[in-house]
Amino acid sequence: SFSPKYSYLDYLNTKKTYTQTQVKDSLGNYSFFNDNALENMHVNKETFKLKAVYEIKIDSFNSLKFTGKLNSYKTESQSYRTSVNTNQSGKLNNTSLRDLNTNSDKLAYSGNILFKHKFKKVRRTFSLSADWNVLDNNSMSLLKSDNEIYKDNIISFSQKFDQQKEYDKNTKQLLAKAVFTEPLGKKYSLQLDYEVSIGNGKSN
């Protein structure tokens, strides 16, 4: 059997947020902080999945099955956000501009081999399997922001960011398992299994 799947999403999202915060001082007077924010986001998501299965019946007692999977994910997103914070009289407290771009890629692939043996005795079986899994994940983001704090409608402090972040992660795993079942009666059976797993991973 062979089954590929592909999907693509492309969407825009606009979000408006209004937040009011009330602060009480030692004299019992309240101050109000009003925050108006607008965020525009554009996202692209692309997904590709592939699964293949091949099974061989060697004879009436033995069979062999191969399974392979491949999953690929790619995401691109852009976000632009502006916000203005004012007090109860309408004077500026602070403003913020943020431009964020993110690209991420994830690739996962795995393989499995399963061998099954049936004995002449009913419900007595033996199986041997091996799994191999690999995951690659990397992303990069670019952030630019401009934040300003005001006092009496005059800029008292300014903070600017221009950052680039890169992330890379890789994991590998190999697993082998042997299972033996022995019937103990019509309702019960005994299962013995042994499993070995080796894993390796790194991230930057």
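Does S129 count as buried or exposed, and at what relative accessibility? Select S129 to start the tour: it counts as buried, because its relative accessibility is 16% (buried means under 20% relative accessible area, exposed over 50%, partly exposed in between, with a 1.4 Å probe and protein chains only).

**Before you click on**

You are looking at a predicted model, in which local features need pLDDT of at least 70 and side-chain atom pairs count only at pLDDT 80 or more, while totals for chains, interfaces and linings use all residues. Residues are numbered from 1 along each chain as its sequence is written, and side-chain values use heavy atoms, with hydrogens and water left out.

**Stop 1: around S129**

Colour residues 125-151 and you have strand β5, the home of S129. Strands here are DSSP runs of E with at least two residues, and helices are runs of H or I with at least four, numbered from the N terminus. Now show the contacts of S129, meaning heavy atoms within 4.5 Å. Setting aside residues up to four places away in sequence, S129 touches N112, I113, L114, L175, A176 and K177.

**Stop 2: the strands β1, β2 and β3**

Next, select residues 2-24 and 30-57, which are strands β1 and β2; they run antiparallel and are joined by 23 bridges. Two strands pair if DSSP finds at least two bridges between them. For a place to zoom in, pick Y6, which stands opposite F48 in β2. The hairpin of β1 and β2 has five residues between the strands, and G28 there takes a positive phi near 90°.

Add residues 62-87 to the selection: this is strand β3, which pairs with β2 in the antiparallel sense over 25 bridges. Pick K49 and you can follow its bridge to N71 in β3. Four residues lie between β2 and β3 in their hairpin. As you scroll along, remember that in a regular strand the side chains alternate between the two faces of the sheet.

**Stop 3: R124 and E182**

Jump to R124, in the loop between β4 (92-118) and β5. At 26% relative accessibility, R124 counts as partly exposed. Its contacts beyond four places in sequence include H117, F119, F180 and P183. For a distance check, draw a line from R124 to I58: they are 66 residues apart in sequence and 18 Å apart in space, C-alpha to C-alpha.

Which residue forms a salt bridge with R124? Select E182: the closest N and O atoms of this salt bridge are 2.7 Å apart (a side-chain nitrogen of Lys or Arg within 4 Å of a carboxyl oxygen of Asp or Glu). E182 lies in strand β6 and R124 in the loop between β4 and β5, so the pair ties together parts that are 58 residues apart in sequence.

Keep E182 selected and add K121, since these two also form a salt bridge, with the closest N and O atoms 3.0 Å apart. This pair links distant parts of the chain, 61 residues apart: E182 in strand β6 (residues 154-183) and K121 in the loop between β4 and β5. E182 is buried, with a relative accessible area of 16%, whereas K121 is partly exposed at 39%.

**Stop 4: other salt bridges**

A search of the whole structure finds seven salt bridges. One of them to select is K160 with D146, where the closest N and O atoms are 2.9 Å apart. K160 in strand β6 and D146 in strand β5 are 14 residues apart. K160 is exposed, with a relative accessible area of 61%. Finish by selecting K15, E39 and R98, which are joined into one network by salt bridges that share partners.
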